Amino acid sequence: MPLLTLLLGYLLGSIPSGFLAGQWCKGIDLRTIGSGSTGATNVLRNVGKGPALAVFFVDVAKGAAAVLLARSLNPTSALIDWIQVLAGLAALAGHIWPVW
């Protein structure tokens, strides 16, 4: 179950919230304008404050969800603390290097 937890954490982190905000709010591809990043700062500069705040909170929630998922999928594991840390890191890796 720990490997599944890490995979799910990575996939959660891979959700492109900034890209989706650009597409849904203004119909733009953030990868082609501004800094080229799909992060909250580029969303702020090119889409607006509201969407940037939403992207920020969704990005934080992706990491938190990965940790909570690790806790719920591995309740009896002796390594639960390490699995939670690794799930959070997997979400971070998915955010930086998404599967998409």
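Contact here means heavy atoms within 4.5 Å. The exercises below use that cut-off on a predicted model.

**Exercise 1. Describe the overall fold of the protein chain.**

*Solution.*
- Start with the secondary structure. The protein chain has 5 helices and 0 strands.
- Read the elements from the N terminus. The order is α-α-α-α-α.
- Take the dimensions next. The C-alpha trace spans about 45 × 20 × 20 Å along its principal axes.
- Turn to burial. Of the 100 residues, 29% count as buried.
- Add the surface. The chain exposes about 6,100 Å², and carbon and sulfur atoms supply 71% of that area.
- Finish with the contacts. Take those between residues at least 6 apart in sequence: 56% of them join residues at least 24 apart.

**Exercise 2. Check the length of helix α1, then find which side of it is buried.**

*Solution.*
- Work out the expected span. Helix α1 covers residues 2-13, which is 12 residues, and at 1.5 Å a residue it should span 16 Å.
- Compare with the model. The end C-alpha atoms of α1 are 17 Å apart, which agrees with the expected span.
- List the buried residues. In α1 these are Thr5, Gly9 and Gly13.
- Locate them around the axis. They cover an arc of only 70°, so they lie on the same side of α1.
- Name the partners. The buried residues of α1 pack against α4 (49-73) and α5 (80-96).

**Exercise 3. Place Gly94 in the structure and list what it touches.**

*Solution.*
- Find the element. Gly94 sits in helix α5.
- Is Gly94 buried or exposed? The cut-off for buried is under 20% relative accessible area. Gly94 has a relative accessible area of 0%, so it is buried.
- Look up the contacts, leaving out residues up to four places away in sequence. Gly94 touches Tyr10, Gly13 and Ser14.
- Link this to Exercise 2. Gly13 is one of the buried residues of α1.
- Add a distance. Ala61 is 33 residues from Gly94 along the chain, and their C-alpha atoms are separated by 13 Å.

**Exercise 4. Characterise the largest pocket and say which elements line it.**

*Solution.*
- Give the volume. The largest pocket has about 320 Å³.
- Pick out the central lining residues. There are 18 lining residues, and the closest to the pocket centre are Pro16, Phe19, Thr38, His95 and Pro98.
- Assign the lining to elements. Those that give two or more residues are α2 (17-26), α4 and α5.
- Which element gives the most to the lining? The answer is α2, with 3 residues.

How values were computed: Residues are numbered from 1 along each chain as its sequence is written. This is a predicted model: local features need pLDDT of at least 70, side-chain atom pairs count only at pLDDT 80 or more; totals for chains, interfaces and linings use all residues. Side-chain values use heavy atoms; hydrogens and water are left out. Helices (H or I, at least four residues) and strands (E, at least two) are DSSP runs, numbered from the N terminus. Buried means under 20% relative accessible area, exposed over 50%, partly exposed in between (1.4 Å probe, protein chains only). Accessible areas come from the Shrake-Rupley method with a 1.4 Å probe; for residues, only the protein chains shown count as cover. The expected span of a helix is 1.5 Å times one less than its number of residues. The arc is that of the directions from the helix axis to the C-beta atoms. On a 1 Å grid over the protein atoms alone, a cavity is a set of points where a 1.4 Å probe fits but cannot get out, and a pocket is an open set with protein on both sides within 12 Å along at least five of seven lines; lining residues have an atom within 4 Å of a point. Grid points are joined across faces, edges and corners, and a volume is the space filled by probe spheres set on the points.
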